[in-house]
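Biologist: Could you walk me through this protein, starting with its overall make-up and then its sheet?

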Amino acid sequence: MLRWPAGWAERAQRVERWLLPGACLTCGDPVAEQQDPLVCDLCRLRWRAPTAPICHTCGEPSPMGLTCRICPEWPAGFEWARSAVVLDPAVRGLVHRFKYDGWRRLAEVFALPMVPLLREAADATLVPIPVARRRRRERGYNQAEELAQALGRVSGIAVAPGRLWRSTETTSQTRLGPEARRANLAGVFSAAVDDRPVILVDDVFTTGATLVSAASALLDAGAARVLAVTFARAAAPLAGATAALDSVIHPTLREAF
Ligand SMILES: [Zn+2]
Ligand SMILES: [Zn+2]
């Protein structure tokens, strides 16, 4: 029986995806020629920015004006993080395709709503969050770097992927809680000595732990300030709920929650 070399079918599929303008990746409807062929205008209009008011440091929505649970321990030079859209189910589907399914051209689509987030940071350099070497090999690209390059093209801001790298490999973050994520990430990144300000770029903000670890390495290596932008932000209803509980529950009872 004829056997194709390992990975051939997958590579051929990726080339096909590069060449053929398909239907909208969210709704499946055919897309008009003048629109971007990956996501239709209607589906993009449905993307929502994180709801105001947001924490002025980490950008997390804080509807009750309570003390932020995400950023009190962020290093002083990590000034702020912002995300363009909320990770609702449709956006989550697109991000999944971007990361795991070969649709690297989605970087161009994701970069557009991120441009307004850069208005205070024109003097900085865009630095993508590096992925583990094994993951990069499997996917053939680093999605954060694709995003940083696309953002560089539309904003005119320089991209410097070489300023940050992974010094150790980590286990997957997806099943870890916030504390375990922080422990898993301590000392993971190393940075080149450079005092220019940095804008970190990643696809999704979940707990901010990865960004904090990367920002710490860059600040230790002399970066004047670190900012961060992500395309999407995972909703954290639990964090909001526990913050609300903390404000009304006596400390001795908190353990029960
Ligand atoms: Zn659509
Ligand atoms: Zn915050």
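**Overall make-up and sheet**

Modeller: Gladly! This is a predicted model. Its protein chain has 10 helices and six strands.

Biologist: What share of contacts in the protein chain between residues at least 6 apart in sequence join residues at least 24 apart?

Modeller: Here a contact means C-beta atoms within 7 Å of each other. Taking the pairs at least 6 apart in sequence, the part joining residues at least 24 apart is 70%.

Biologist: Thanks! Which strands are the edge strands of the open sheet?

Modeller: Four strands make up this open sheet, with parallel pairing and the order β1-β6-β5-β2. An edge strand pairs on one side only, and that is true of β1 and β2 (125-128).

Biologist: And which residue in β6 is the bridge partner of Val-86?

Modeller: Let's look at the pairing of β1 with β6 (residues 226-233), which is parallel and has seven bridges. β1 spans 78-86. In β6, the partner of Val-86 is Arg-233.

Biologist: Nice. What angle does helix α8 make with β5?

Modeller: Two helices are worth looking at here. Helix α6 (residues 143-155) lies across β2, β5 (198-205) and β6, at about 125 degrees to β5. Helix α8 (residues 209-220) packs on the sheet and touches β1, β5 and β6. Its direction relative to that of β5 is about 165 degrees.

Biologist: One last thing: where does Pro-53 lie?

Modeller: Pro-53 follows a cis peptide bond from Ala-52, with omega near 0 degrees. Its place is the loop between α2 (41-45) and β1 (78-86).

Conventions: Residues are numbered from 1 along each chain as its sequence is written. Chains are lettered from A and ligands numbered from 1 in the order in which they are written. This is a predicted model: local features need pLDDT of at least 70, side-chain atom pairs count only at pLDDT 80 or more; totals for chains, interfaces and linings use all residues. Two strands pair if DSSP finds at least two bridges between them. Axes are lines fitted to C-alpha atoms, for helices over the stretch in contact, and angles run from 0 to 180 degrees between N-to-C directions.
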